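Thanks for coming. I will take one structure today, starting with its aromatic rings and then moving to charges and the core.

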Amino acid sequence: MVDPNFQTTGLVASLRDVSPRPTCDISFTFSDKTTGEKSELFAHKLILACGSPVFMAQFYGEIKEEKDSIPVEDSSIEAFKVFLDVLYNKKVLLESTDYQILGELFYLANKHYLDTLKDSIVQEVSA
C-alpha cells in the first residue's frame, strides 16, 4: 500500500472521534435482528466520496442521496465501523480481525469498489 500523506492522516482519522455530531453530515443506522436494538454511526460525505466512487455517485452524482440517515441492512455495525475506519485512513489490523468481520469487510469493499482493501483481505486470509 502507498503511505498516506503524513500531514493529513491524523486530522482525517480523528474527525469522527473528536466531534461526530457537529461536523458529520450523514449517518448509517443499524437494527439488531434479534434484539431490535438500534445503533448509529456518523460520517462525512466528502471523506466517504473521496474514498469510494460508489459514495461519490451516491452523494454528489446526478441522482444524489437526499436523506441524512441511511439504513444498513447488509452489514453488521462492527464490520461497517471497520469499513469506515479504512475510509478515514485509520490503522486497521486485519490480522487481528476475525473471519466473520473480514468476510463482511470484503463484501463492503467489493460493493464500494475498493480493490486495494479486497486484495489486502485476500492476502490476510491466505496467509
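**The aromatic cluster**

Ring pairs tie Phe28, Phe30, Phe55, Phe59, Phe80 and Phe83 together into a cluster. Before going further: this is a predicted model.

Six aromatic pairs are found in the structure. One of them is Phe55 with Phe59, a stacked pair at 5.5 Å centre to centre, with 5° between the planes. Why are these two about one helical turn apart? Because they are four residues apart in helix H4, residues 53-60. Phe55 and Phe59 are both buried.

Another pair is Phe80 with Phe83, and this one is tilted: the centres are 5.7 Å apart and the planes make 55°. Here the two residues are three apart, about one turn of helix H5, which covers residues 77-87. Phe80 is buried, as is Phe83.

**The chain as a whole**

Let me step back for a moment. The protein chain has seven helices and three strands. In sequence order the pattern reads α-α-β-β-α-α-β-α-α-α. Of its 127 residues, 35% are buried. If you take contacts between residues at least 6 apart in sequence, 58% of them join residues at least 24 apart. The accessible surface is about 8100 Å², and carbon and sulfur atoms account for 56% of that.

On the strands: S1 and S2 run antiparallel and are joined by six bridges. Phe30, which we met in the ring cluster, stands opposite Ser39 in S2. The hairpin of S1 and S2 has six residues between the strands, and Gly36 in this hairpin takes a positive phi near 80°.

**The nonpolar core**

As background, nonpolar side chains tend to be buried together in soluble globular proteins. In this model, the largest nonpolar core has 27 residues, and the members that touch the most others are Phe28, Leu48, Phe80 and Phe83. Strands S1 (26-31) and S2 (38-43) each give two or more residues to this core, as do helix H3 (45-51), H4, H5, H6 and H7. Which element gives the largest share? That is H5, with six residues.

Staying with H5, its buried residues are Ala79, Phe80, Val82, Phe83, Leu84, Asp85 and Leu87. Just after this helix, Asn89 has a positive phi of about 65°.

What does Phe83 touch, leaving aside its neighbours within four places in sequence? The list is Phe55, Leu105, Leu108, Ala109, His112, Leu114 and Leu117.

**Salt bridges**

Now the charges. Side chains of opposite charge can pair when their charged atoms come close. Searching the whole structure gives four salt bridges.

I will begin with Lys111 and Asp74, whose side chains meet at 2.7 Å, N to O. This bridge links distant parts of the chain: Lys111 is in helix H6, residues 99-111, while Asp74 is in the loop between strand S3 (69-71) and H5, 37 residues away. Lys111 is partly exposed at 38% relative accessible area, and Asp74 is also partly exposed, at 32%.

Next, Lys81 and Asp85 form a salt bridge at 3.5 Å, N to O. Both are in helix H5, four residues apart, or about one turn of the helix. Is Asp85 buried or exposed? At 13% relative accessibility, Asp85 counts as buried. Its partner Lys81 is partly exposed, with a relative accessible area of 37%. The pair also belongs to a network of salt bridges that links Lys81, Asp85 and Lys90.

Then there is Lys118 with Asp115, where the closest N and O atoms are 3.6 Å apart. These two are in helix H7, residues 115-126, and are three residues apart, about one turn of the helix. In this pair the lysine is the buried residue: Lys118 has a relative accessible area of 18%. Asp115 counts as partly exposed, at 46%.

**To close**

I would leave you with helix H5. The tilted pair of Phe80 and Phe83 lies in this helix, and so does the salt bridge of Lys81 and Asp85. H5 also gives the largest share of the nonpolar core. That is what I have on this one.

Notes
Residues numbered from 1 in each chain as written. Predicted model: local features only at pLDDT ≥ 70, side-chain atom pairs only at ≥ 80, totals over all residues. Heavy atoms only, no water. Phe/Tyr/Trp six-rings, centres within 6.5 Å; stacked < 30°, edge-to-face > 60°. Buried < 20%, exposed > 50% of the residue type's maximum accessible area, 1.4 Å probe, protein only. Core = buried A, V, L, I, M, F, W, Y, C linked by side-chain atoms within 4.5 Å. Contact = heavy atoms within 4.5 Å. Pairing = 2+ DSSP bridges. Areas by Shrake-Rupley, 256 points an atom, 1.4 Å probe, with all protein chains shown as cover.
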